[in-house]
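User: I would like to go through this model with you and ask, for each label, what it rests on. Please set each value against its cut-off before you conclude.

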Amino acid sequence: MLLRQTTRALRAASQLRLSPIVRMQSNEATTHFGFKTVKEEEKEQLVGSVFRNVASKYDVMNDFMSAGVHRLWKDHLISVLNPSKETKLLDVAGGTGDIAFRFLDHCKKAYGADSEASVTVVDINPAMLEVGMQRSKAMGYSDSGKISFQEGNAENLSNIPDASVDAYTIAFGIRNCTHVDRVVAEAYRVLKPGGRFTVLEFGQVENPLVKGIYDIYSFQVIPKLGQVVAGDAESYQYLVESIRKFPPQPKFAQMIKDAGFTLVGKGWEDLTFGVAAIHTGFKL
Ligand SMILES: C[S@@+](CC[C@H](N)C(=O)[O-])C[C@H]1O[C@@H](n2cnc3c(N)ncnc32)[C@H](O)[C@@H]1O
């Protein structure tokens, strides 16, 4: 009798001890990679292989997929940013440099030779940076001292000192990161007081008619285009899935606010029915 009670008590105690640990491990260790659930430590590698595979076709594929509309969104981001002739910009997940070159072109046009504006492009993927550096050379920026490229993780910008940049941009990059909250916290850390955090990211479309068309286009057409243009349907399947997993605009705006940024108004502007959105926060 005593033996049976002791065994039962031991079993109950061991279950009590074990179950929270098991639960904690499964909660802590997984995240999403598109619609798949993967271990957190695997996501960075999986995202890495997506952008390694598409790097050389990345720019041309953006034009195909969006019929050039991504260019208008990026131009709009720069006009919203409205840089001064001294702005020091950090463009994170900067990839092949689309934002950085627009920023430099804008400052050259607005301020001419007086411009002291400069940009650092940070990206985790050397293949994307390599394409960016080739473009920089072709555009005549590589010896200007106005642009530099660094390999780095948006979640831990260890080479960027505290309060050292005037503006921080991240375009179509943050949804690929494993811990979005860490990215936002790092942005807050590296910005000077008064600095501006600007995120261009895909959003959630609310209009049911537009959403229906957009979903068909995303899931039926984009992966096929990826296959034809970049020889890679899977990476573009990830792209459309990852957009659906990113927090909707109000939730992401709240994350920016929670990190300490001040929002103006609701904190974001929808572009093309919310297919994309520009979020802004100020470090005041
Ligand atoms: C869709 S591309 C966007 C590139 C560029 N900003 C643009 O708008 O064309 C996403 C980029 O995010 C980069 N990336 C993904 N995870 C990252 C991370 N944790 N830290 C830094 N860059 C990351 C990828 O390597 C890729 O270059």
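Analyst: Strand S1 and strand S2 (residues 36–39) run antiparallel and are joined by 4 bridges. This is a predicted model, as are the values that follow from it.

User: Why are S1 and S2 called paired?

Analyst: Pairing requires at least two bridges found by DSSP, and S1 and S2 have 4 bridges, so they count as paired. As one example, His-32 has Thr-37 in S2 as its bridge partner. The hairpin that these strands form has 2 residues between them, and Gly-34 takes a positive phi near 60° there.

User: Which side chains of S1 are buried, and which are not?

Analyst: In S1 (residues 30–33) the side chains alternate, with Thr-31 and Phe-33 pointing to one face and buried, whereas Thr-30 and His-32 point to the other and are not buried. Buried here means under 20% relative accessible area. By that criterion, 46% of the 284 residues in the protein are buried.

User: What makes S8 and S9 a pair as well?

Analyst: Strand S8 (residues 268–271) and strand S9 (residues 276–282) are linked in the antiparallel sense by 4 bridges; since at least two are needed, the two strands therefore pair. Glu-269 has Ile-278 in S9 as its bridge partner. Their hairpin has 4 residues between the strands, and Thr-272 takes a positive phi near 50° in it. Overall, the protein has 10 helices and 9 strands.

User: How do you know that Lys-74 makes a polar contact with the ligand?

Analyst: A polar contact needs a pair of N or O atoms within 3.5 Å. A polar side-chain atom of Lys-74 lies 3.1 Å from an oxygen atom of the ligand, so the pair qualifies.

User: Which ligand atoms do Asn-153 and Ala-171 approach?

Analyst: An N or O atom in the side chain of Asn-153 is 2.9 Å from a nitrogen atom of the ligand, and a backbone N or O atom of Ala-171 lies 2.9 Å from a nitrogen atom of the ligand. Taken alone the ligand exposes 600 Å², and the protein buries 98% of that.

User: How many residues surround the ligand, and of what class are they?

Analyst: The ligand is surrounded by 20 residues, the closest being Tyr-58, Ala-93, Asp-123, Ala-154 and Ala-171. By class, this shell has 10 nonpolar, 7 polar and 3 charged residues.

Note on methods. Residues numbered from 1 in each chain as written. Predicted model: local features only at pLDDT ≥ 70, side-chain atom pairs only at ≥ 80, totals over all residues. Heavy atoms only, no water. Near = heavy atom within 4 Å. Polar contact = N/O pair within 3.5 Å; in protein donor to acceptor, adjacent residues only side chain to side chain. Areas by Shrake-Rupley, 256 points an atom, 1.4 Å probe, with all protein chains shown as cover. Nonpolar A, V, L, I, M, F, W, Y, C, P; charged D, E, K, R; others polar. Buried < 20%, exposed > 50% of the residue type's maximum accessible area, 1.4 Å probe, protein only.
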